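Here is a friendly walk through one protein and the ligand it holds. Have a look at the sequence and the model first, and then read on.

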Amino acid sequence: MTSDQDNGRAAVGRDTLESTMWDATAEPEPKTDILQGRVEADVAVVGSGITGMSTALHLAEAGKSVTVLEAKRIGWGCSSRNGGHMGSAWTSPPPDEAIRIWGQERGDRLNRLWTGSGKLVEDLIEKHGIDCNFKRTGMVWAAENGKQEKLLADMAEQWGRYGLQMDFLSRQAMTDYVATDQYISGALTHENASINPADFVRGLARAAMRAGAVIHAGSPAIGIEKQGDRWRVSSPEGEVLASRVVFGTNAYTVGPWPGLARTFYPVRLTSLATEPCAEESRSYLLKGMPLHDMNSLNFFALLMDPVGRLLGGAFPTFSDSASIETVARPFERKFRRIFPAAPLPKWRHIWHGTLCMMPDKTPRMYKLAPGAYAVMGLSGTGNARAAVLGREVANLIDSGEEETCGLWLSKPKTLLSSRLIPVFMRYAGYPVARALFR
Ligand SMILES: Cc1cc2nc3c(=O)[nH]c(=O)nc-3n(C[C@H](O)[C@H](O)[C@H](O)COP(=O)(O)OP(=O)(O)OC[C@H]3O[C@@H](n4cnc5c(N)ncnc54)[C@H](O)[C@@H]3O)c2cc1C
C-alpha cells in the first residue's frame with residue numbers, strides 16, 4: 001500500500017508509474033542490476049514493455065543470448081499504465097479497412113496476425129504461470145447512434161470472417177449487460193479479457209529471465225554504432241555488443257536511433273480508477289463485462305477489476321498536473337449521462353500515458369539497418385498485439401527469414417506533424433469534441 005493510500009488521498013501523477021492503480025496492486029518487478037562494463041549477446045533489446053519482453057522471452061527460448069536495456073523500471077511505459085483490456089478484435093483498423101489500406105495480401109496477413117493475438121497472451125500466461133488477474137470477461141461494445149451501430153455490425157461481420165465471434169445486441173439485449181438504456185444497440189466479443197498489465201509485463205520479464213535473458217533496468221540506451229559486424233549499444237555505465245538489436249520503445253522512445261521518435265504521433269490518454277465499489281453499487285456492468293463505447297470523439301471505457309475498482313479511460317485535460325476533480329470532470333459528465341442513477345465511488349488513482357499512434361493506426365516493424373529492427377505504433381491496442389509482434393521479431397531473428405515475418409518490414413518515415421497534431425488535438429480537438437459529443 002502506498003503512502004497516498006494510507007492517508008486516504010487519491011494519487012495523481014504525471015508520468016510516474018507509482019500513480020497507477022496497476023503498480024499499487026501488482027507484485028513488485030524482479031530485481032535487476034544496472035548495466036556495467038561491456039557485455040556480449042546475440043541480441044540487444046531496448047525497452048522492457050510487452051514488446052521487448054515478448055521479444056526477449058521468445059529469443060531466449062530459441063537459445064539466443066539476450067540483453068535487455070530499460071531506461072527506467074521494467075514495463076515502465078504504456079505496458080504498465082494502460083486500461084487493462086486485452087483482446088484481438090479492435091476497431092483500429094477493422095479488417096476491411098486494413099485490406100483497403102494495405103492491399104489484399106498484406107491486409108489479410110495483418111488481420112490473421114491480430115486474430116491469434118489474444119490466444120497468444122492466454123498461452124503465455126498459462127505456460128509461464130503469470131499471475132496477472134487474467135479474467136476472460138468478454139467485452140460489450142456500445143452504440144449510441146446509427147452510424148456507430150453500422151460500424152459495429154461491419155466489425156462483427158468482418159472479424160467473424162476471421163473466426164472472432166462478435167454477437168449483435170439489440171437495445172433490449174444491451175440492458176442485460178449494461179445498466180442503462182442509453183445505447184441503441186451493441187455487440188459482444190467473447191474472447192476479450194481483463195488483466196493487470198503491470199503484472200503481465202513483469203511476469204513476461206520473469207519468464208524471460210528464467211529462460212536466460214538478462215535485463216538491466218535503470219540503463220538507458222544512449223548511443224548506438226556499428227562495430228565490425230556487430231552493434232555497440234551504449235548506456236551511461238556500460239555497453240552491449242550484439243549482432244542484432246531490437247527497439248521496443250514505442251511512444252516513450254528517447255535516443256539513440258536518429259529520427260525514430262518522429263515516426264509516430266505521441267497521443268496522451270488518461271486513466272482513472274475508483275476505490276473498490278460497495279457490493280450493492282457494482283451493478284453498472286451487470287455481467288461484469290467491460291464496456292467500450294463507440295464514440296471515438298468522446299472516448300469512454302469502463303472495466304471493473306476483481307475487487308470492484310471501477311477503471312475508466314478518457315482524453316486528457318489541458319494539464320497533466322491538474323487536480324483529480326478537473327481531470328475526472330469530463331469522464332464524470334459522460335458517466336452521469338450513461339448511468340444517471342448510479343453511484344460513482346471516490347476516485348483513488350489518476351494517471352497518464354502516451355500512445356504511439358500511426359496515421360493509419362497500424363503498427364510497424366521497421367528495418368532500421370541490417371540487423372537493427374524496431375516495433376512501433378502499438379497505439380491503444382498493444383496488450384495482445386505487442387506480445388505477437390515481439391514473437392514475430394524474435395522468429396525473424398532466429399530464422400533469419402525476413403520475408404516470412406508476420407508483419408512486413410518497412411523503413412521509418414518521419415512525420416513532419418508528429419508533435420503538432422497531438423498538441424492540436426489535446427488543446428483544441430478534444431475539448432471541442434467533448435463539448436459537442438457528450
Ligand atoms: C493510457 C493508456 C491506455 C491503454 N489501454 C490499453 C488497453 O486497455 N488495451 C490494450 O491492448 N492496449 C492499451 N494501451 C496500449 C498498450 O499499453 C501499448 O500499446 C503497449 O503497452 C505497448 O508496449 P511496448 O512494449 O511496445 O511499449 P512500452 O510499454 O511503452 O515500453 C517502451 C519502453 O521503452 C523504454 N525506453 C524508451 N527509450 C529507451 C531507451 N533509449 N533505452 C532504454 N529503454 C527505453 C521505456 O522506458 C519503456 O519502458 C493503452 C495505452 C495507454 C497509454
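The ligand is surrounded by 38 residues, counting a residue when one of its heavy atoms lies within 4 Å. The closest are T51, E70, S79, H85 and N383. This is a predicted model, in which local features need pLDDT of at least 70 and side-chain atom pairs count only at pLDDT 80 or more, while totals for chains, interfaces and linings use all residues. Residues are numbered from 1 along each chain as its sequence is written, and side-chain values use heavy atoms, leaving out hydrogens and water.

Three backbone contacts to the ligand are listed here; a polar contact is a pair of N or O atoms within 3.5 Å.

| Residue (backbone atom) | Ligand atom | Distance |
|---|---|---|
| G83 | nitrogen | 2.8 Å |
| V254 | nitrogen | 2.8 Å |
| N383 | oxygen | 2.8 Å |

Taken alone, the ligand exposes 1,000 Å², and the protein buries 98% of that; these accessible areas come from the Shrake-Rupley method with a 1.4 Å probe.

What kinds of residue form the shell? By class, 22 are polar, 14 nonpolar and two charged. In this scheme Ala, Val, Leu, Ile, Met, Phe, Trp, Tyr, Cys and Pro are nonpolar, Asp, Glu, Lys and Arg are charged, and the others, Gly among them, are polar.

Helices (H or I, at least four residues) and strands (E, at least two) are DSSP runs, numbered from the N terminus. Each of α3 (50–61), β13 (265–276), β17 (347–357) and α11 (382–399) supplies at least two residues of the shell. β17 gives the most, with three residues.

Two of these helices also meet. The axes of α3 and α11, lines fitted to C-alpha atoms over the stretch in contact, come within 7 Å and cross at roughly 40°, on a scale from 0 to 180 degrees between N-to-C directions. α3 and α11 are therefore oblique to each other, a class left over once angles under 35 degrees (roughly parallel), over 145 (roughly antiparallel) and 65 to 115 (roughly perpendicular) are set aside.

Finally, there are some backbone details. The peptide bond from G255 to P256 is cis, with omega near -15°, and P256 sits in the loop between β12 (238–247) and β13.

Note on methods: A polar contact is a pair of N or O atoms within 3.5 Å; within protein, one must be able to donate a hydrogen and the other to accept it, and residues adjacent in sequence count only if both atoms are side-chain atoms.
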